Amino acid sequence: MHQSKLALLASKLWGPVPWLLEAAIVLELVLGNDVQALIIAVLVALDATLSFREEGGAQEALALLRKQLQVITRVHRDGSWQALPAESLVEGDVVHLRQGDLVSADVELSEGQLAVDQSSLTGESLAKTVSAGEAAWSGSIVVRGEATGTVTATGPRTKFGHTAELVSTSHAPGRLEQLIMGFVTALLVLDAGLVALVLVDGAVRHLPWSSLLPFAVILVVAAVPVALPTTFTLASALGSRELAAKGVLVTRLAAIEEAASMEVLCSDKTGTITKNQLAVSGVVAYGCDEAHVVQLAGAASDAATQDPLDLAILAEMDRRGLGPLGPCHDQVPFDPATKRAEASVETTQGPRRVAKGAPQVISGLCTSQGLPESLTDDVARLADTGARVLAVSEGEPGAPPVLAGLIAMADPPRADSAPLVERLRALGVRVVMVTGDGVATARAVARQVGIGDRTCGASTLRERDPSHLSVEDVCDVYAEVLPEDKLALVNRLQGSGAVVGMTGDGVNDAPALRQAEVGIAVSNAADVAKAAASLVLTDPGLGNVVAGVEVSRRIHERMLTYTLNKIAKTLQVSIFLSLGIVVFGKFATTPLLVVLLLLANNFATMSLATDRVSTPRLPERWGVAGLVIASASLALPLILLSFGLWYVGRVGLGLHLGSLQTLVFVWLVASAQATIYAVRERRHFWHSRPSAWLAASSVADLVVVAILAWRGWLMTAVTPEVIGIGLGMGVLFLLVAEVVKTAAFRLAGLSQGPREPLGPASAPRQPVPPAGVPLP
């Protein structure tokens with residue numbers, strides 16, 4: 001259920017940051033400072049309105065994009081099975097359900113059996129078995145089995161219609177937002193200590209409490225990240241819109257932040273690296289002809305499932321002009337856990353039990369005496385072409401089957417797969433193929449697209465005492481894996497501190513998608529996989545993943561600018577104003593001017609969400625120590641220049657207190673703008689142009705402040721020369737910051753070197769020994 005506009009607007013006035021500002025408004029009114037209370041109220045209203053507007057626009061954009069992600073249901077209409085949007089279902093439709101489907105309507109089963117997960121409806125964690133004559137309720141998830149049934153109710157008329165339509169809108173803040181809030185909390189603690197110092201010093205000096213209390217309140221407000229919620233909302237909303245235009249649906253906004261730090265992407269093969277356009281490319285028969293092998297495989301296939309393997313085999317039967325061996329029943333669809341599909345068929349020679357699946361699985365079911373000597377060589381020969389190899393067996397019910405032959409299914413790599421791997425490598429993201437296919441097939445495909453050929457079996461992921469797996473030690477390919485192996489791989493990589501991305505398309509991929517920091521559901525993924533993922537692709541392949549990484553890194557850059565600027569400016573304002581009272585026994589500026597400073601800075605700070613930034617070439621990982629070093633290195637010259645300006649104004653220019661406070665105000669505004677431009681570019685500040693919004697807000701801030709100071713509105717009037725000194729000090733700091741930040745950023749680990757637009761990808765890294773013994 002979507003939030004109403006009124007509820008969304010109200011939410012922007014509720015939270016730690018609005019609470020602090022709203023409390024400050026009340027205190028200012030109690031103290032009789034109506035103008036200051038009004039300015040803070042304008043600040044709160046402005047932030048809430050902009051945040052509401054951008055988030056509302058983002059929700060509308062996502063709603064439009066979700067229409068492209070309609071749940072598709074297999075429906076029997078006009079004499080054939082069709083894949084239609086679930087919203088088109090009507091009572092009486094005959095539908096086919098299989099593992100991974102989200103049941104989109106109440107369906108009474110007529111044949112088959114399902115195990116369904118109804119936990120989202122009833123809270124019951126155990127799967128429920130539903131057989132012919134029973135109903136599968138809308139909103140449940142098919143976790144096992146296959147069945148056909150008739151739609152009995154749709155939409156809100158279903159048994160759990162209201163519950164099934166509820167959509168949670170809550171989301172936990174990402175690690176980036178939590179990190180910034182941690183810094184803000186520390187700054188507030190520092191501010192509280194400085195306020196205590198000011199109050200004690202004021203009491204000793206017998207300063208009037210009517211002046212001390214408003215100053216103390218404003219000092220705390222100055223440390224509040226007023227623009228934080230709006231800046232994050234703006235950055236996330238703009239990022240979501242940009243990704244939506246590129247065909248990426250963001251289901252969890254924190255994933256945009258996490259993607260900036262992604263170091264390894266574990267990718268499935270079929271439908272992501274390859275086209276998922278299967279066709280039979282070869283048949284090997286043992287003791288029968290090729291046509292019989294294809295017919296046996298066709299008996300264990302079902303067009304209703306729309307499974308690419310089944311459809312390719314049935315298409316091969318049509319191409320060869322082959323009919324079915326006989327009526328089929330007791331069909332068991334392909335299960336990733338058993339790696340095979342089975343069916344019983346009534347042939348002219350009597351009943352037969354047919355199976356098709358992975359060669360090592362099917363051959364293990366057959367009598368060892370009946371296995372041909374050339375089996376291993378035949379499988380290797382077919383797999384070396386990159387084809388997926390299936391074995392087919394037949395036998396009498398209850399008796400060991402006989403291996404009938406092999407079928408090679410060609411699924412060529414997508415044309416964009418090799419360039420994608422190179423682009424991700426150039427961005428510092430390691431691509432690892434994780435597939436259920438055999439070793440030879442997986443290695444051949446990985447080699448073709450440039451992933452590499454260091455292949456490990458799934459057994460290396462099933463150790464009883466698994467060790468952490470670093471990005472450097474991970475194999476290029478993991479073959480013959482089960483769904484639980486994917487989850488184990490994600491956990492082991494995360495154990496070494498890596499930020500992991502995982503792609504998936506099936507219901508069994510959901511745990512790994514949920515566990516990964518960046519879970520990516522491909523365009524043809526099952527509904528359950530899309531629900532578990534944080535990013536959903538609407539176009540085939542993984543080409544849009546690059547866009548996701550680049551957009552997230554640019555957002556990360558903008559928030560890094562915000563964080564460095566916020567910490568440095570808070571340290572400057574808090575320490576200078578507090579020590580100003582202790583050292584000089586006077587207020588360096590007035591509480592009203594501090595509030596005006598917050599309002600002036602707010603526009604430029606929020607416009608950072610639109611800033612033009614370059615894309616970092618390496619994954620972004622912030623360290624607390626590094627950010628503190630960089631911010632403090634910039635805050636120190638700001639504080640020294642502030643005291644120096646006070647001395648020049650007092651001694652050199654002979655300004656009285658009111659004019660000094662105006663000069664300090666102009667300097668604080670100018671230095672705030674200078675700080676933004678110093679930290680937004682890790683190279684020299686002139687290396688990139690700011691966005692039009694950022695440049696316009698900076699010019700507007702400085703012009704308005706200069707006019708206010710010149711005309712004496714809300715402050716003591718000063719001459720244009722004094723205003724020029726305050727603005728000139730801002731330029732001076734920008735030049736000083738250029739010298740300081742080079743060493744500070746390098747020491748803090750924030751300098752990545754040149755970051756020109758991406759050109760040709762760098763050469764693949766040299767192989768390193770994998771964790772575990774690579775398979776030959």
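Is Val 699 buried or exposed, and what is its relative accessible area? In this predicted model, Val 699 is exposed, because its relative accessible area of 52% falls in the range over 50% that defines the term. The residue lies in helix α23.

Val 699 also belongs to a nonpolar surface patch of about 530 Å². Its partners there are Val 35, Val 703, Ile 707, Trp 713 and Leu 714. Helix α23 gives the most to this patch, with three residues. That helix spans residues 692-711.

Leu 714, another member of the patch, is found in the loop between α23 and α24, the latter covering 720-748. Leu 714 counts as partly exposed, because its relative accessibility is 43%, and the partly exposed class runs between under 20% for buried and over 50% for exposed. Its backbone deserves a look as well. Most residues other than glycine have a negative phi. Leu 714 is not a glycine, yet its phi is positive, at about 70°.

A positive phi also turns up elsewhere in the chain, at His 206. There the angle is about 60°, and again the residue is not a glycine. His 206 sits in the loop between α6, residues 175-205, and α7, residues 209-223. As for its surroundings, His 206 counts as exposed, because its relative accessibility is 69% and the cut-off for that class is over 50%.

To follow this on the model, start at Val 699 in α23, go on to Leu 714 in the loop between α23 and α24, and then turn to His 206 in the loop between α6 and α7.

Notes
Residues numbered from 1 in each chain as written. Predicted model: local features only at pLDDT ≥ 70, side-chain atom pairs only at ≥ 80, totals over all residues. Heavy atoms only, no water. Helix = DSSP H or I, 4+ residues; strand = E, 2+ residues; numbered from the N terminus. Buried < 20%, exposed > 50% of the residue type's maximum accessible area, 1.4 Å probe, protein only. Patch = residues over 30% accessible without salt bridge, like charges linked within 9 Å, V, L, I, M, F, W, Y side chains within 5 Å. Areas by Shrake-Rupley, 256 points an atom, 1.4 Å probe, with all protein chains shown as cover. Salt bridge = Lys/Arg side-chain N within 4 Å of Asp/Glu carboxyl O.
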